[in-house]
Amino acid sequence: MVLTAISTESTRAHHHPIRVYYEDTDAGGIVYYANYLKFAERARTEMLREAGFHHTAMMEGDGIMLAVRRVSAEYFRPAKLDDALDVSTSVTGLGAATIDLDQSIRRESQELCRVHVTIACVGRDGRPVRLPADLRAVLNPIIPS
């Protein structure tokens, strides 16, 4: 898993670059608010992929899916057409069937948006199931103490 320290604290985060395209913006060249959630989703997916957990393999092999249970977003500054953004994702907690994450979308040193999300592990029937032990083993060591 590619995880790098982002502060002097014990916080560890995965970083994913995003470029703002025309399709992400409104007529004024400002990123539409819902697209920040798409950026965050892509970054979470890539974090899991780099850790060896592909959504397709989890669905086909284990019969499990990861679904957003709760999300909140705070918007501080607008992203604009052609901006190069960085989405950092930090795992902040694990439950029996959930993963809590904090995500920050930045342009250089400016935080543009902060997202807090709880992901639930569900089976094919949509009911909660325990996080797979191998996924828990990868995520548990990177949770800040």
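Modeller: Before we start, the expected span of a helix is 1.5 Å times one less than its number of residues. Helices (H or I, at least four residues) and strands (E, at least two) are DSSP runs, numbered from the N terminus. This is a predicted model, where local features need pLDDT of at least 70 and side-chain atom pairs need 80 or more, while totals for chains, interfaces and linings use all residues. Residues are numbered from 1 along each chain as its sequence is written, and side-chain values use heavy atoms, with hydrogens and water left out.

Biologist: Great, let's go. In what pattern do the helices and strands follow each other along the protein chain?

Modeller: There are three helices and six strands to place. Reading along the sequence, you get β-β-α-α-β-β-β-β-α.

Biologist: What is the radius of gyration of the protein chain?

Modeller: That radius is taken over C-alpha atoms, and the globule rule is 2.2 Å times the number of residues to the power 0.38. For 145 residues the rule gives 15 Å, and the chain comes close to that, so it is as compact as a globular protein of that length. The C-alpha atoms fill a box of roughly 45 × 35 × 25 Å along the principal axes. The radius itself is 16 Å.

Biologist: And what share of the residues counts as buried?

Modeller: Buried means under 20% relative accessible area, exposed means over 50%, and partly exposed is in between (1.4 Å probe, protein chains only). Out of the 145 residues of the chain, the buried share is 41%.

Biologist: Now helix H1 (residues 35-50). How far apart are its end C-alpha atoms?

Modeller: H1 has 16 residues, and at 1.5 Å a residue they should span 22 Å. The model agrees with that, because the end C-alpha atoms of H1 are apart by 23 Å.

Biologist: Staying there, is Thr-45 buried or exposed?

Modeller: Thr-45 lies in helix H1, where other residues under the cut-off include Tyr-36, Phe-39 and Leu-48. The C-alpha atoms of Thr-45 and Cys-113 are 18 Å apart, with their places 68 residues apart in sequence. With a relative accessible area of 15%, Thr-45 is buried.

Biologist: What about Val-117: which residues does it contact, leaving aside neighbours within four places in sequence?

Modeller: Val-117 is found in strand E6 and is buried, with a relative accessible area of 3%. Contact means heavy atoms within 4.5 Å. By that test, its partners are Arg-44, Val-68, Arg-70, Val-71, Ile-99, Asp-100, Leu-101 and Gln-103.

Biologist: I hear some phi values are positive. What is phi of Asp-82?

Modeller: Most residues other than glycine have a negative phi. Asp-82 sits in the loop between strand E3 (64-75) and strand E4 (84-94), and it is exposed at 52% relative accessible area. Its phi is positive, near 75°.

Biologist: And where is Glu-108?

Modeller: Glu-108 also has a positive phi, near 55°. At 77% relative accessibility, Glu-108 counts as exposed. You'll find it in the loop between strand E5 (98-107) and strand E6 (110-123).

Biologist: Last one: how far apart are the centres of the positive and negative side chains?

Modeller: Lys and Arg count as positive and Asp and Glu as negative, without His or the chain ends. Each charge is placed at NZ of Lys, CZ of Arg, CG of Asp or CD of Glu. With 17 positive and 19 negative side chains, the two centres lie apart by 4 Å.
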